[in-house]
Amino acid sequence: MGTAVVELTDLIASKYLLIGYPPGIQVIIRRKPPHSGTQLEFTNTQSY
């Protein structure tokens with residue numbers, strides 16, 4: 001698996017979590033695999 005990018009603005013806005021932020025704001029999330037040798041914690045169940 002490689003890097004994943006997702007735009008979550010509509011999902012977060014539907015939960016009213018963007019109240020107080022400027023109109024037109026976008027929420028973009030990115031995750032990528034850790035570098036080799038990275039010490040992961042027990043909560044990292046999918047290596048991200």
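Tutor: Accessible areas here come from the Shrake-Rupley method with a 1.4 Å probe, and on that basis the protein chain of this predicted model exposes about 4,400 Å², of which carbon and sulfur atoms supply 57%.

Student: What mean confidence does the protein chain have, and which strand scores lowest among its elements?

Tutor: The protein chain averages a pLDDT of 87, and 85% of the residues score at least 70. Among the elements, strand β2, residues 28–31, has the lowest mean pLDDT, at 93, while strand β1, residues 4–7, has the highest, at 96.

Student: What makes the order of elements β-α-β?

Tutor: The protein chain has one helix and two strands, and from the N terminus on, these elements run β-α-β.

Student: Why is T9 called buried?

Tutor: Its relative accessible area is 11%, and since buried means under 20%, T9 meets the criterion and is therefore counted as buried. T9 is found in helix α1, which covers residues 9–14, and, leaving aside neighbours within four places in sequence, T9 is in contact with L18, I25, Q26 and V27.

Student: What makes the pairing of T9 with the side chain of E7 a polar contact?

Tutor: The two side chains are paired at 2.3 Å, and the definition asks for N or O atoms within 3.5 Å, one able to donate a hydrogen and the other to accept it; the value lies within that cut-off, so the pair is listed as a polar contact.

Student: Why does L18 count as buried?

Tutor: L18 has 18% relative accessibility, which is under the 20% limit, so the label is buried. L18 sits in the loop between α1 and β2, and, leaving aside neighbours within four places in sequence, it touches T9, I12, A13, I25 and V27.

Student: How do you know that A13 should be called partly exposed?

Tutor: At 34% relative accessibility, A13 is neither under 20% nor over 50%, and because partly exposed covers the values in between, that is the class it receives. A13 is found in helix α1, and its C-alpha atom is separated by 9.5 Å from that of V27, which is 14 residues apart from A13 along the chain.

Student: Why is Y16 called exposed, and what is notable about its phi?

Tutor: Y16 has a relative accessible area of 64%, and since exposed means over 50%, the label follows. Y16 lies in the loop between α1 and β2, and its phi is near 60°, a positive value in a residue other than glycine.

Student: Why does I28 count as exposed, and which residues does I28 touch?

Tutor: The relative accessibility of I28 is 54%, a value over 50%, so the residue is classed as exposed. I28 has its place in strand β2 and touches V5, V6 and E7, not counting residues up to four places away in sequence. For E7, the C-alpha to C-alpha distance to I28 is 4.4 Å, although the two are 21 residues apart in sequence.

Student: How many of the residues are buried across the protein chain, as a percentage, and what share of the contacts joins residues 24 or more positions apart?

Tutor: Buried residues make up 8% of the 48 residues in the protein chain, and T9 and L18 are among them. Of the contacts with a separation of 6 or more, 38% come from residues 24 or more positions apart.

How values were computed: Residues are numbered from 1 along each chain as its sequence is written. This is a predicted model: local features need pLDDT of at least 70, side-chain atom pairs count only at pLDDT 80 or more; totals for chains, interfaces and linings use all residues. Side-chain values use heavy atoms; hydrogens and water are left out. pLDDT is the predictor's confidence in each residue, from 0 to 100. Helices (H or I, at least four residues) and strands (E, at least two) are DSSP runs, numbered from the N terminus. Buried means under 20% relative accessible area, exposed over 50%, partly exposed in between (1.4 Å probe, protein chains only). Contact means heavy atoms within 4.5 Å.
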